[in-house]
Amino acid sequence: GEVREAIPLSHGRAELMDQVIACRKAIESGEPSADFYLATLYDWLIAPVESFLPLSNSGDVVPHLVIVPSGPLYYLPFQALLRVSEDREERQRLIERYTLSYTPSLVTLKYTQQQSSPLDEVSFLALADPSSGDPRLPEAQTESRRIASLFSVSEVYVDSAATESVVQSRVSAATDVLFSTHGLFNPHNAMFSYLVLDPTEGSDGRLYAHEVFSLPLTANLVVLSACETLLPSIADMEGQIRAVRGDSEDEVIELTDEQLETLTSGDEISGLTRAFLYAGTPSVLSSLWSVYSQATADLMVAFYEGIQADRGKAEALRDAQLKIMNTPGYEHPVYWAAFNLMGDWR
């Protein structure tokens, strides 16, 4: 039966927000201190509900958690949360015990599961590294072609061919769509967040969230292998403030409570992701922060290999993230924990 239980949070929203922001700053900077914050947030958010969670079983069956975040929690990669034993000898990330997926709300989850349907023919469409991107992402072209080779039917558009018009004309023929390009989250109006594509005579090269709603989507999965498609980078927001003020790059910027609230409100925080879900795609994979190209390319190829092997989307993502996490040099969460699966995990 259904169990509902409210667990009182011993820390206020402001304290939680501060902890999440500090955690994200440490992750984005690749600092070892990230694990201190991830362990603290595990104790705050997961430890109080551990008795309600399914036990991790041995073998291939891994319990699945669906996270419905709120407010600052949209900013947090739950998969990287760290459980540390009392004697400090055992350390285990949440992803090592569970398969995870996310949804903006339970209503959205029900809607996305209704959108999912068996596929007669699988086809892949990728747009990667448009020439207007800055900086360029040459690894994205390689990533897209490596993934395309896994499909019997595929189309890959790169450089100046990666345009909005291609999206409009070809997206209806694809069951799997990959955007491997830069994205920009607009914290003031999420519907004006956009993916960077190449401009043409008829378009500005920006695929805005509000334009996604009118796309003729039939895709069962959209992957946004890009920078900041789910949320803005704290470093970039600080950079924007420096630019407006004319400050040097060494100037320390302290974001105000109002700016942090804007970043972590949660109400419209998943701009592009939510737009694709409501446009009819049951599952969207997108990133929380600016990702490292080589690690992301390896992660994406491993993810699609899992999909092709008939692993569920969430299971394929877990396998891929664990693979990167266990690769020497890529253990830090900045390399593997950026991607969240929203919607139908099957």
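1. A crossing of two helices is right-handed if the near helix is turned clockwise from the far one by less than a right angle. In this predicted model, the crossing of α11 and α12 fits that description: it is right-handed.

2. Look at that pair more closely. Helix α11 covers residues 293-308, and helix α12 covers residues 313-325. They pack at an angle of about 140°. Their axes lie 8 Å apart.

3. Which residues make the contact? From α11 come Ala295, Asp298, Leu299, Ala302, Phe303, Gly306 and Ile307. From α12 come Lys313, Ala316, Leu317, Ala320, Gln321, Lys323 and Ile324. Nine of the residues in this contact are nonpolar, two are polar and three are charged.

4. Now the chain as a whole. The protein chain has 346 residues, and 53% of them count as buried. It holds 13 helices and 13 strands. Take the contacts between residues at least 6 apart in sequence: 77% of them join residues at least 24 apart. The exposed area is about 15600 Å², with carbon and sulfur atoms supplying 48% of it.

5. Helix α5 spans residues 138-148. Its buried residues are Ala140, Gln141, Glu143, Ser144, Ile147 and Ala148. Viewed down the axis of α5, these residues fall within an arc of 165°, so they line one face of the helix. The general background is simple: an α-helix has 3.6 residues a turn, so residues three or four places apart point the same way.

6. What covers that buried face? The cover of the buried residues of α5 includes the strands β5 (124-128), β6 (154-158) and β7 (176-180). Helix α11 is also part of the cover. That is the α11 that packs with α12.

7. Some backbone details deserve a check. Most residues other than glycine have a negative phi, and most peptide bonds are trans. A cis peptide bond joins Asp134 and Pro135, with omega about 5°. Pro135 sits in the loop between β5 and α5.

8. Arg88 is not a glycine, yet its phi is positive, about 70°. Where is Arg88? It is in the loop between β2 (82-84) and β3 (91-93). Arg88 is exposed, with a relative accessible area of 60%.

9. Asp159 also has a positive phi, near 55°, in a residue other than glycine. It lies in the loop between β6 and α6 (164-170). Asp159 is partly exposed, with a relative accessible area of 30%.

Conventions: Residues numbered from 1 in each chain as written. Predicted model: local features only at pLDDT ≥ 70, side-chain atom pairs only at ≥ 80, totals over all residues. Heavy atoms only, no water. Helix = DSSP H or I, 4+ residues; strand = E, 2+ residues; numbered from the N terminus. Buried < 20%, exposed > 50% of the residue type's maximum accessible area, 1.4 Å probe, protein only. Contact = heavy atoms within 4.5 Å. Areas by Shrake-Rupley, 256 points an atom, 1.4 Å probe, with all protein chains shown as cover. Axes fitted to C-alpha atoms, helices over the stretch in contact; angles between N-to-C directions. Nonpolar A, V, L, I, M, F, W, Y, C, P; charged D, E, K, R; others polar. Arc of directions from axis to C-beta.
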